[in-house]
Amino acid sequence: SDISYAIINLLYMKKIFFLLFISFGLLANAQFKKADLRASGLTCAMCSKAVYKSLSSIAFVEKINVDIQKSTYEIIFKSGMGVDFDALSRAVVDAGFSVAQLQVTSVFNGIKAKKGAQIEVDGKTIQFINGNDQLLSGEKTFSIVDKNFVSAKEFKKYSASAGKTYESGFADGKRVYHAIL
């Protein structure tokens, strides 16, 4: 009976250890917190309102703070929901405008970022096209520089250093977001 009790305790402790391990493993991944989006082509408050309304309809958007003078939108993401940067761009385009800049803030827990290497961040594949090898820890902001996230002039500038996946935004059938730190 004492041996049975010891075995049950051991199995219980293994189960707890496994659950803790999984929980900490999930915490080790980065999570997107917010984005600062600058729209282009806006000429009035009604334009800004159209973009705001379109962005507000996205399920993973929790809150939006607007600066009408700068045509910028601070977009706070809902915790635990997947973020789709292409959905943000589509929302702006659907409102009749374009994205001039998208800066994303994420909390990193020791992710190595090498220039040109692809890393997984909150379920998204990010390829940093600049910077030296560095360890990303804490809150960091980076800019998405793919087509539909920068001007045509900037897109052309980055295409020289971004690599072969930059034109299409895809590698092996998977969406790759190109970014600069």
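**Exercise 1. How many residues does helix H2 (residues 45-56) have, and what distance does it reach from its first C-alpha to its last?**

Step 1. The model examined here is a predicted one. In it, helix H2 has twelve residues and reaches 16 Å from its first C-alpha to its last.

Step 2. That reach is close to the 16 Å expected at 1.5 Å a residue.

**Exercise 2. Determine which residues of H2 are buried and which are exposed, and explain how the buried ones are arranged.**

Step 1. The buried residues of H2 are Cys-47, Ser-48, Val-51, Ser-54 and Leu-55. Seen down the axis of H2, these buried residues fall within an arc of 130 degrees, so they line one face of the helix.

Step 2. On the other side of H2, the residues Met-46, Lys-49 and Lys-53 are exposed.

Step 3. The buried residues of H2 are covered by elements that include strand S2 (61-67), strand S3 (72-77) and helix H3 (85-94).

**Exercise 3. Work out why Cys-44 and Cys-47 do not form a bond with one another.**

Step 1. The sulfur of Cys-44 has its closest cysteine sulfur in Cys-47, at 3.4 Å, whereas a disulfide would need the two sulfur atoms within 2.5 Å.

Step 2. The pair is therefore too far apart for a bond, and Cys-44 is likewise the residue that holds the closest cysteine sulfur to that of Cys-47. In keeping with this, the structure holds zero disulfides.

Step 3. The surroundings of each cysteine can be added: Cys-44, at 36% relative accessibility, counts as partly exposed, while Cys-47, at 12%, counts as buried.

**Exercise 4. Describe how the side chains of S3 are distributed between its faces, and how S3 is joined to S1 and S2.**

Step 1. In a regular strand the side chains alternate between the two faces of the sheet.

Step 2. Such alternation is found along S3, where Tyr-73, Ile-75 and Phe-77 point to one face and are buried, while Thr-72, Glu-74 and Ile-76 point to the other face and are not buried.

Step 3. Strand S1 (residues 31-40) runs antiparallel to S3 and is joined to it by five bridges, and Leu-37 stands opposite Tyr-73 in S3.

Step 4. Strand S2 also runs antiparallel to S3, with six bridges joining the two, and here Val-61 stands opposite Phe-77 in S3.

Step 5. In the hairpin of S2 and S3, four residues lie between the strands, and Ser-71 takes a positive phi near 55 degrees.

How values were computed: Residues numbered from 1 in each chain as written. Predicted model: local features only at pLDDT ≥ 70, side-chain atom pairs only at ≥ 80, totals over all residues. Heavy atoms only, no water. Expected span 1.5 Å × (residues − 1). Buried < 20%, exposed > 50% of the residue type's maximum accessible area, 1.4 Å probe, protein only. Arc of directions from axis to C-beta. Contact = heavy atoms within 4.5 Å. Pairing = 2+ DSSP bridges.
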